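Please read the following report alongside the sequence and the structure. It is written for a reader who meets this protein chain for the first time.

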Amino acid sequence: MKKSFAQLLTLSVVMLALVLGWFAWEHYTRSPWTRDARVRADVVTLSADVSGRIVSLRVQDNQHVAKGDLLLEIDPARYTLAVEHAKRSVEVARATLGQSQAAIIASEALLKQRQSEERRRRSLKQGFAISGEEWEKSSTDVAVAQAELLRNQANLGLAQANVQLAIAALTQAELDLQRTRVEAPVSGYVTNLLTRQGDYASAGSALLALVDSDSFYVSGYFEETKLPRIVEGSPVRIQLMSGETFGGVVQSIAYAITDRENSPGNRLLANINPSYTWVKLAQRVPVRILIDPDYAGKGRLRAGTTATVTVLESSKSR
């Protein structure tokens, strides 16, 4: 009797172990969850549009700034002088334009006078009151006046172009002066600040990094065998390694990952690995997860930290 009971107990334990093993295997291989997830955020790298020495640094490392806040200022003295010089150039160009316009008016008046004299002398010539030489001189004076008018018209066009160039140079100088003040394009956190007051900023060189505080999300890397049970809009549970737990929603699933077995060869032909790996591991595909906007601890998230993501069942995934 005891022997039969022991055999039955052993058989029950084995059956239970098989059932639990099957459920564990099914959960591990099919259940949409992953421990390979990271908190991510968009990082804006700020650089100077103009060169100069940094005379004012208004932020500290890890400080939160609002969009439009002044972060640093580059020495504006040289750019202020450039604006004043450009303003004077505009004034000179406009004065030259005024002279050209006055010359046009004078040339037109002189041409009308010469044409009137030419018509009067032509009538006198037809009545033999003057010689042909005097009429030819008046005709030559008309041609000279017409040439002078054309030259002044060309000078007027050049003066108008110079005014436009001077205004464009003034606009550029004012823009350069404005960009000596580097402002925050988004609200976020200054991170890993290495720039110091007194440093020389070169145009285009990175000065500081700003983590967009409104861009935090979670990127989970799910095995391809679990993707059929993940759809956009599915609710998820996110647990950070530090212990915090909060919710989220599947926002999107990546459409491509790198194929390490197929790198471009010569002449852009496929370079297929001749050896075949018999043991195939499931590829991991990035899934972007939108964090619950009502999560109270959203301001304490840190990009790059590790998380575990579990996709919960919903009507969309059934």
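Glu84, Arg88 and Glu91 are joined to one another in a network of salt bridges. The model is a predicted one, and a search of the whole structure finds five salt bridges. Three further pairs are set out in the table, each with the distance between nitrogen and oxygen.

| Acidic residue | Basic residue | N to O distance |
|---|---|---|
| Aspartate 36 | Arginine 38 | 3.5 Å |
| Aspartate 49 | Arginine 179 | 3.5 Å |
| Glutamate 223 | Arginine 284 | 3.6 Å |

In the pair of aspartate 36 and arginine 38, aspartate 36 has a relative accessible area of 27% and is therefore partly exposed. Arginine 38 likewise counts as partly exposed, with a relative accessibility of 25%.

What does the salt bridge between aspartate 49 and arginine 179 tie together? Aspartate 49 is placed in the loop between β2 (43-47) and β3 (52-57), while arginine 179 belongs to the loop between α3 (132-178) and β6 (181-183), so the bridge ties together parts that are 130 residues apart in sequence. Aspartate 49 is partly exposed at 47% relative accessibility, and arginine 179 is partly exposed at 37%.

The salt bridge between glutamate 223 and arginine 284 also links distant parts of the chain, 61 residues apart. Glutamate 223 is in strand β10 (residues 217-223), and arginine 284 is in strand β15 (residues 284-291). Is glutamate 223 buried or exposed? Its relative accessible area is 13%, and the cut-off for a buried residue is under 20%, so glutamate 223 counts as buried. Arginine 284, by contrast, has a relative accessible area of 38% and is partly exposed.

Strands β10 and β15 also have a place in the wider fold. Six strands form a closed barrel in the order β1-β10-β15-β12-β11-β16, and their pairing is antiparallel. On average, neighbouring strands of this sheet are turned by 40° against each other, direction ignored. In general, the strands of a sheet pair through backbone hydrogen bonds, in either a parallel or an antiparallel manner. Within the barrel, β11 (residues 235-240) and β12 (residues 245-253) run antiparallel and are joined by five bridges. Arginine 237 stands opposite glycine 247, a residue of β12.

Taken as a whole, the protein chain contains three helices and 16 strands. How much of the chain is buried? Of its 318 residues, 28% count as buried. Contacts over long stretches of sequence are also recorded: among contacts between residues at least 6 apart in sequence, 80% join residues at least 24 apart.

The final topic is the surface. The accessible surface of the protein chain comes to about 21000 Å², and carbon and sulfur atoms account for 55% of this area. Which residues make the nonpolar surface patch of about 380 Å²? The patch is made by Leu11, Val14, Met15 and Leu18. Of these residues, leucine 18 is found in helix α1, which spans residues 2-30. Leucine 18 has a relative accessibility of 55%, and because a residue counts as exposed when this value is over 50%, leucine 18 is classed as exposed.

Definitions and conventions. Residues numbered from 1 in each chain as written. Predicted model: local features only at pLDDT ≥ 70, side-chain atom pairs only at ≥ 80, totals over all residues. Heavy atoms only, no water. Pairing = 2+ DSSP bridges. Helix = DSSP H or I, 4+ residues; strand = E, 2+ residues; numbered from the N terminus. Axes fitted to C-alpha atoms, helices over the stretch in contact; angles between N-to-C directions. Buried < 20%, exposed > 50% of the residue type's maximum accessible area, 1.4 Å probe, protein only. Contact = heavy atoms within 4.5 Å. Areas by Shrake-Rupley, 256 points an atom, 1.4 Å probe, with all protein chains shown as cover. Patch = residues over 30% accessible without salt bridge, like charges linked within 9 Å, V, L, I, M, F, W, Y side chains within 5 Å. Salt bridge = Lys/Arg side-chain N within 4 Å of Asp/Glu carboxyl O.
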